[in-house]
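Work through the following exercises with the sequence and the 3D structure at hand. Try each task before reading its solution.

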Amino acid sequence: MKKARYFFACSIICALLCSCAIQSRIPSNTDPQASTHLIEKPSFPAETQPYREIDRWETIQTKLLEVISGANTFFSHDFEKTLTIDDYCSTYGMDDAVKITKYAIIDLDQDNVPEIVLGITENEQSDFGFLVLRYENDSVVGYDFTYRQMIDLKKDGTFGYLGGVADTGYARLNFTDNSWEYIKICNVTETADTVMFFCNGQEVSKEAYWETVAEQDSKEEVEWLTY
């Protein structure tokens, strides 16, 4: 009888020891080292962190200013070649005296990076046209605009345009695949029989159109700097 009790007690002790050994191999949720390992986030070198918006603006602005200072070149989509500003004026003017007289730093397409708009005169004629410099695919590129394509540029990047009776109004720019297009705010079209008024692509009354025009005219003009 005593032997039976002895073997029973030994069995219980062995079972308890085995249970403790198994438990010791399971990570505890309260173990500080195990907990830290589970929530640790990977670290990245500082240079791989995304640019802050202000850093990106300043970096691109510096690249654009290098071009207008003559220290660097840009690719002209209209002339399809790489030029300095002096080369551009010579190519644009041919036999005429073309000069850059002013410039403005502005976000034309509202993508939180700057463009530079350069005002062009030809034979001393003011506001003959404009050259827009912007940063695309890791380089500076340029687009030409006549005066009628970008009238009375505002601080928010909007402006008027004259497309003849077929299409006249106010817009901002959108750049797409080596080209640009108008995002029209309001415009009027005229045919032999009909005059139609639009705001944001929707036909509106004449009164609604002129209210939008008044809002545009009241906006603050862009700040032009002497070139």
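Two strands are said to pair if DSSP finds at least two bridges between them. Keep in mind throughout that this is a predicted model.

**Exercise 1. Determine in which sense strands β7 and β8 pair, and over how many bridges.**

Step 1: Find strand β7 at residues 159-162 and look for the bridges that it shares with β8; there are four of them, and the two strands run in the antiparallel sense. Step 2: Pick out one bridge as a check, for which tyrosine 161 can serve, since its partner in β8 is glycine 169. Step 3: Follow the chain from one strand to the other, and you will find a hairpin with five residues between β7 and β8, where glycine 164 in the turn has a positive phi of about 80 degrees.

**Exercise 2. Describe how β8 pairs with strand β9, and say how much of β8 is buried.**

Step 1: Strand β9 covers residues 179-190, and β8 pairs with β9 in the antiparallel sense over nine bridges. Step 2: One of these bridges joins threonine 168 to valine 188 in β9. Step 3: The hairpin of β8 and β9 has two residues between the strands, and aspartate 177 takes a positive phi near 45 degrees there. Step 4: Of the nine residues of β8 (residues 168-176), seven are buried, so this strand is largely enclosed by the rest of the structure.

**Exercise 3. Classify the ring pairs that phenylalanine 197 and tryptophan 210 form with tyrosine 209.**

Step 1: The structure holds 13 aromatic pairs. In the pair of phenylalanine 197 and tyrosine 209, the ring centres are 5.2 Å apart and the planes stand at 50 degrees, so the pair is tilted. Step 2: Phenylalanine 197 belongs to strand β10 (residues 195-199) and tyrosine 209 to helix α5 (residues 206-217), so their contact ties together parts that are twelve residues apart in sequence. Step 3: For tyrosine 209 and tryptophan 210, the centres are again 5.2 Å apart, but the planes are at 80 degrees, which is over 60, and therefore the pair is edge-to-face. Step 4: Turning to accessibility, tyrosine 209 is buried with a relative accessible area of 4%, whereas tryptophan 210, at 47%, is partly exposed.

**Exercise 4. Which rings have a charged side chain over them?**

Step 1: Look at tryptophan 224, where lysine 102 lies over the face of the ring at 4.3 Å from its centre. Step 2: Look next at phenylalanine 175, whose ring has the charged end of arginine 134 over it, 4.0 Å from the ring centre.

Key
Residues numbered from 1 in each chain as written. Predicted model: local features only at pLDDT ≥ 70, side-chain atom pairs only at ≥ 80, totals over all residues. Heavy atoms only, no water. Phe/Tyr/Trp six-rings, centres within 6.5 Å; stacked < 30°, edge-to-face > 60°. Helix = DSSP H or I, 4+ residues; strand = E, 2+ residues; numbered from the N terminus. Buried < 20%, exposed > 50% of the residue type's maximum accessible area, 1.4 Å probe, protein only. Lys NZ or Arg CZ within 6 Å of the ring centre and 35° of its normal.
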